[in-house]
Amino acid sequence: MNSRASPHNNLLHRIIKKKDKYLEDGVSRSFRLGLFNGEYYIHVGEVGSGLKLFEKEALGQVLEAIKTSEDNDYVYVKPKIVLEVVAESKSEEGRLIHPRIKRIRTDKNPTECKIEQLNELAVKK
């Protein structure tokens, strides 16, 4: 595999809870990603870079509108938002290494974000 990051359509399925330690200028600074395995979404990492502050603010407002529940760490949302994410590689556990948001995809269904996409990334040991 070449050294360029591979694009993946990652489903944003959870947002870091709005606590002071997770905020930057009052906006969530990172988001949790999941990919669909045919039955449910599997956590593949967190991403915080790639969006401008106003884009993170807008994304946060959308996520707040589709919130389903929350616990001490996360606010859970309906699987509705798809982000195109690039990553350097993946860990042996299947977590993205150095992911960056490329763009928000309004043309993709969250169930199109398959866990098999991780097979395209090299494993970093």
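This is a short tour of a predicted model, moving from a strand hairpin to an aromatic pair and then to a lysine.

Begin by selecting strand β4, residues 31-36, together with strand β5, residues 41-47, which run antiparallel and are joined by six bridges. Within this pairing, pick out L33 and follow its bridge across to β5, where the partner is G45. Next, move to the turn of the hairpin, where four residues stand between the strands of β4 and β5, and select G38, which takes a positive phi near 105°.

Keep the hairpin in view and add the side chains of F36 and Y41. A search of the whole structure finds one aromatic pair, and F36 and Y41 form that pair, with the ring centres 4.9 Å apart and an angle of 45° between the planes. The arrangement counts as tilted because this angle is neither under 30 degrees, as stacked rings would require, nor over 60, as edge-to-face rings would. If you colour by accessibility, F36 is buried, with a relative accessible area of 12%, which falls under the 20% limit for that class.

For the last stop, select K78, which lies in strand β7, spanning residues 74-87. Is K78 buried, partly exposed or exposed? K78 has a relative accessible area of 42% and is therefore partly exposed. Then display its surroundings: leaving aside residues up to four places away in sequence, K78 touches I66 and T68. Finally, draw a C-alpha to C-alpha distance from K78 to A65, and the value is 9.5 Å for two residues that are 13 residues apart in sequence.

Note on methods:
Residues are numbered from 1 along each chain as its sequence is written. This is a predicted model: local features need pLDDT of at least 70, side-chain atom pairs count only at pLDDT 80 or more; totals for chains, interfaces and linings use all residues. Side-chain values use heavy atoms; hydrogens and water are left out. Rings of Phe, Tyr and Trp (its six-membered ring) pair if their centres lie within 6.5 Å; planes under 30 degrees apart count as stacked, over 60 as edge-to-face and the rest as tilted. Buried means under 20% relative accessible area, exposed over 50%, partly exposed in between (1.4 Å probe, protein chains only). Helices (H or I, at least four residues) and strands (E, at least two) are DSSP runs, numbered from the N terminus. Contact means heavy atoms within 4.5 Å. Two strands pair if DSSP finds at least two bridges between them.
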